[in-house]
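Hi,

Here is the structure I promised to send over. Have a look at it first, and then read on for my notes.

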Amino acid sequence: DYDFLDWTRDLQQQGMMTCLCPGTASWNSLAGCPEATVCNIYRAVQAVGEQGSLGIIVAHWSGSYHLTPHPFSWPGFVIGSGLSWNPATHWVRTFLS
């Protein structure tokens, strides 16, 4: 539940452009956290729409010697692609589909 709007508001008011970078929420785990993935990417895309940022880059952050298998990041990449294509998608539809 990262608040991208709060973090980028000052930068936008100073005339800076931002490109938000939500993660796949799969670091340091064996299977990731799909709920956090959807929430963070959704909030980043909504912040981009409100503030006119450049866009998002969905990142597969790693830690602890990169324990997370890449397939557990794919849902985040797919959600990021879909929401970038259609940011007007409702939260409930995104989460329950």
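Below is what I found, going from the whole chain down to single residues.

One thing to keep in mind throughout: this is a predicted model.

**The chain as a whole**

The chain has four helices and two strands. If you walk along the sequence, they come in the order α-β-α-β-α-α. Of the 97 residues in the chain, 38% are buried. Among contacts with a separation of 6 or more, 72% are between residues 24 or more positions apart. As for the surface, the accessible area is about 6100 Å², and carbon and sulfur atoms account for 61% of that.

**Helix α3**

Helix α3 covers residues 74–85, which makes twelve residues. From first C-alpha to last it reaches 17 Å, close to the 16 Å expected at 1.5 Å a residue. Which residues of α3 are buried? They are G76, I79, G80 and L83. Seen down the helix axis, these buried residues fall within an arc of 100°, so they line one face of α3. W74, V78 and W85 sit on the other side of the helix and are exposed. If you colour α3 by accessibility, those are the two groups to look for.

**Salt bridges**

Side chains of opposite charge can pair when their charged atoms come close. How many salt bridges does the structure hold? There are two.

- D3 with R43: the closest N and O atoms are 3.8 Å apart. D3 is in the segment before α1 (4–13), while R43 belongs to helix α2 (residues 34–51), so this pair ties together parts that are 40 residues apart in sequence. D3 is partly exposed, at 35% relative accessibility, and R43 is partly exposed too, at 31%.
- D6 with R9: here the closest N and O atoms are 3.6 Å apart. Both residues are in helix α1, and because they are three residues apart, about one helical turn separates them. D6 comes out as partly exposed at 48% relative accessibility, and R9 is partly exposed with 37%.

So one salt bridge links the segment before α1 to helix α2, and the other lies within helix α1.

**An aromatic pair**

A pair of aromatic rings is described by the distance of the centres and the angle of the planes. The count for this structure is one aromatic pair. Y2 and F4 form it: their ring centres are 4.9 Å apart and the planes are at 70°, which makes the pair edge-to-face. How accessible are the two partners? Y2 is partly exposed, with a relative accessible area of 41%, whereas F4 is buried at 7%.

**A backbone oddity**

Most residues other than glycine have a negative phi. A25 has a positive one, near 55°, and is not a glycine. Where is A25? You will find this residue in the loop between β1 (19–20) and α2. Is A25 buried or exposed? With a relative accessible area of 8%, A25 falls under the 20% cut-off and so counts as buried.

**Where to look**

If you only have a few minutes with the viewer, I would go to the two faces of α3, then the D3 and R43 salt bridge, then the Y2 and F4 rings, and finish at A25 in its loop.

Cheers

Terms used:
Residues numbered from 1 in each chain as written. Predicted model: local features only at pLDDT ≥ 70, side-chain atom pairs only at ≥ 80, totals over all residues. Heavy atoms only, no water. Expected span 1.5 Å × (residues − 1). Buried < 20%, exposed > 50% of the residue type's maximum accessible area, 1.4 Å probe, protein only. Arc of directions from axis to C-beta. Salt bridge = Lys/Arg side-chain N within 4 Å of Asp/Glu carboxyl O. Phe/Tyr/Trp six-rings, centres within 6.5 Å; stacked < 30°, edge-to-face > 60°. Contact = heavy atoms within 4.5 Å. Areas by Shrake-Rupley, 256 points an atom, 1.4 Å probe, with all protein chains shown as cover.
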